[in-house]
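Here is a short tour of one structure, written with a computational chemist in mind. Have the viewer ready and follow along.

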Amino acid sequence: MNALLTFFGRLHPLWVHLPIGFLLLAMGLLWLSRKPKYSGILPAVEISFLLGALSAVFACLSGWTLSSDGEYDLDTLQYHQWFGISVAILSLFLYGLIRIKKQRYLSNFSLLLFFGVLMTGHLGGTLTHGEGYLTKGIFSSSDSLKAKRKPIANVQEAVVFSDIIQPVLLDKCSGCHSAIKQKGGLRLDAMEWIVKGGKDGKVYIPGDAVHSDLYARVVMDPLEEKHMPPKGKTPLTEAETQLIYWWINSGAGFTKKVKEVAQPEKIHATLLALQSATIPMKKPDIPDGMVDPAAQSILDTLREQGIAVLPVAANSHFLSANFVSIPKPDNRTVALLSKIRAQLVWLKLGNAELSQASWKIIGECNNLTRLSIEHTNLSDSSIALLSGLNQLHYLNLVGTAISAKGLQKLQKLTALENLYLGGTAVSASELAGLQKIFPSARLDAGNYKVEDLPTDTQLLKAPVVKK
Ligand code: HEC
C-alpha cells in the first residue's frame with residue numbers, strides 16, 4: 001500500500017500538466033466564445049473546466065502524498081499547496097457558473113484562475129528545481145551560494161571552519177541542504193544549521209568523525225542510497241574528505257585557526273596544498289570529456305612490453321603511457337599505441353629511434369595533452385606528422401634535431417603552454433620569432449643564464465642526431 005501511495009505521489013509532477021492544459025484550454029475557449037462567431041462552443045468550455053477541475057483535485061491529492069516525503073522547503077510548499085487548492089476550487093466554481101449560465105463574472109474569475117495556475121506552476125517548479133530556476137539563466141549564471149574559495153596565503157592563519165570546511169559544504173552540499181532545499185530536513189549553509197542537524201538529529205559528534213553522519217555518509221559505499229552527495233553529484237575529493245574528518249575529530253569548532261588545532265602528519269600535505277591552490281592552478285592536462293575504457297587485453301599487452309600504462313586520475317579512463325623502463329623503444333611497441341589513441345593523453349617516450357610510420361601513429365593520438373619525446377630522432381620532416389596534436393599543453397623536444405623552421409609546422413598547436421627546446425637546433429636569437437608562433441607558450445631553451453665555462457661549449461652544440 002505504501003509503495004502504491006509513493007507511486008501515486010510521484011505521479012504528481014507528471015500529472016499536474018493535465019489540469020494546466022485543460023484549464024488553459026478552457027480559458028482560451030471561453031475568451032473565444034465571447035465572439036458571436038464562436039458562441040456555440042460554450043459547452044466545450046464547460047467540459048474543459050470540468051476536466052480541469054477534476055484533474056486539479058487529483059493533482060492536489062497526489063501532491064499531498066508527495067509532500068509527506070518532507071524533503072521540500074516548507075514555506076514554498078505551503079504556498080504551492082494553497083495556490084493549488086485554490087485553483088481546484090476556483091475551476092469547480094467556474095464550471096458551476098457556466099452550468100447555471102451565470103456569465104457575468106466569468107472573465108474576472110477566469111483571470112484570477114489564470115493567475116492561480118501560473119503561481120502554482122511556478123512554485124511547483126521552485127520546489128523541484130530550487131529558487132530562481134526560472135530566471136537563473138537570464139540574470140546570472142553563477143549560484144550566489146557558491147562562495148568563492150577565499151585565497152589562503154598562510155594556511156596556519158586560516159580559520160578552519162569558515163576558510164576550509166564551509167567552502168566544501170557550500171560547493172558540494174548546499175544544492176540540497178540550504179535555504180532553497182532542505183533535503184532530510186538539513187541545512188549545511190551556515191554554522192547554526194549545521195549545529196542543529198537534520199530530521200534524524202545531530203549530524204556530527206565533535207571528536208568522533210567515524211560516528212558522525214556528516215562524515216560517515218561521505219565515505220560510505222557510493223552505491224548506498226545514503227551516500228552523500230547522492231549519485232550523479234560531484235563527490236568530495238580525497239582531500240575534502242580528509243579535511244572534514246580532521247575538522248570533526250579536532251572538535252568541530254567554528255572559530256579556531258588552523259594553527260590552534262592539532263595537525264596529524266596526514267593532514268599536513270592537504271593543508272599545504274590549500275595554500276598553493278591560491279596560486280592559480282594550471283589545468284591538470286586531463287580532457288574534460290569522457291572516454292570509453294581501453295580494452296584490458298591491449299593494456300595487458302602494453303604492460304607486458306614494459307610500458308607503464310596508468311589512468312591519469314581516479315575514475316578516469318584517460319591514460320598515460322611511459323616508456324621510461326624501455327631503453328630503446330621500437331616501432332613494433334609504438335604501433336600498439338594506436339589501439340589506445342582515444343584514451344592516451346600523456347606520453348613519455350624518450351631516446352627512441354622511430355620510423356615515419358611510428359611518428360604518424362603518435363601524431364594520430366590526438367587527445368594527447370603532454371608529449372615528451374626528448375632525445376628521439378624526430379626531425380624537421382617528421383615533425384609535420386605531429387601537427388594535428390592540437391590539445392598539447394606540454395611538448396618536450398629536448399635533444400632533438402628540431403630547428404625553428406621545423407617548429408613552424410606546429411603552428412596550429414595553439415594550446416601549447418610549455419615547449420622545451422633545450423639542446424635542439426633552435427638558437428637563442430630565434431626564440432623571439434617562435435614566441436610569435438606560440439604566443440601563449442612558455443619557451444624553454446634550457447638557457448638558465450649560467451656563465452659559460454670553456455667546458456660548457458660542448459653542451460651548447462646541437463646534439464648529434466642518432467641515426
Ligand atoms: C542532490 C541532493 C543532495 C546533495 C547535493 C547532498 N545531499 Fe545530503 N541528503 C539528500 C537527501 C535527499 C537526504 C534525505 C535522504 C537521506 O537521509 O538519505 C539527505 C540527507 C542528508 C543527511 C541526513 C540528515 C538527517 O538528519 O536525516 C546528511 C548528514 C547529509 N545529507 C549530508 C550531506 C552532505 C555532507 C553533503 C555534501 C557533501 C550532502 N548531504 C549533499 C540530498 C542531497
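## Two sides of helix H3

In this predicted model, the exposed residues His17 and Trp31 sit on the face of H3 that is turned away from its buried side. On the other side, you will find Pro19, Leu23, Ala26, Met27, Leu29, Leu30 and Ser33 buried. Looking down the axis of H3, these buried residues fall within an arc of 165 degrees, so they line one face of the helix. The general background is handy here: an α-helix has 3.6 residues a turn, so residues three or four places apart point the same way.

What do the buried residues of H3 pack against? Their partners are helix H2 (12-15), helix H4 (42-67), helix H5 (74-99) and helix H6 (106-129).

## Length check on H3

Helix H3 covers residues 17-33, which is 17 residues. At 1.5 Å a residue it should span 24 Å, and its end C-alpha atoms are indeed 24 Å apart, so the two agree.

## The iron site

Now turn to the iron atom of the ligand, which His177 (NE2) and Met228 (SD) coordinate at 2.0 to 2.2 Å. These two residues come from distant parts of the chain, 51 residues apart. His177 lies in the loop between helix H8 (160-172) and helix H9 (191-196), while Met228 lies in the loop between helix H10 (213-219) and helix H11 (238-249).

Which geometry does the site of the iron atom have? It is octahedral, with angles of 85 to 180 degrees among its 6 donor atoms. For reference, ideal angles for six octahedral donors are 90 or 180 degrees.

Buried or exposed, how do the two residues fare? His177 is buried, at a relative accessible area of 9%, whereas Met228 is partly exposed, at 24%.

Methods. Residues numbered from 1 in each chain as written. Predicted model: local features only at pLDDT ≥ 70, side-chain atom pairs only at ≥ 80, totals over all residues. Heavy atoms only, no water. Helix = DSSP H or I, 4+ residues; strand = E, 2+ residues; numbered from the N terminus. Expected span 1.5 Å × (residues − 1). Buried < 20%, exposed > 50% of the residue type's maximum accessible area, 1.4 Å probe, protein only. Arc of directions from axis to C-beta. Contact = heavy atoms within 4.5 Å. Donors = N, O, S within 2.8 Å, 3.2 Å for Na, K, Ca; no water. Tetrahedral: all angles 85-135°; square planar, octahedral: opposite > 155°, others 65-115°.
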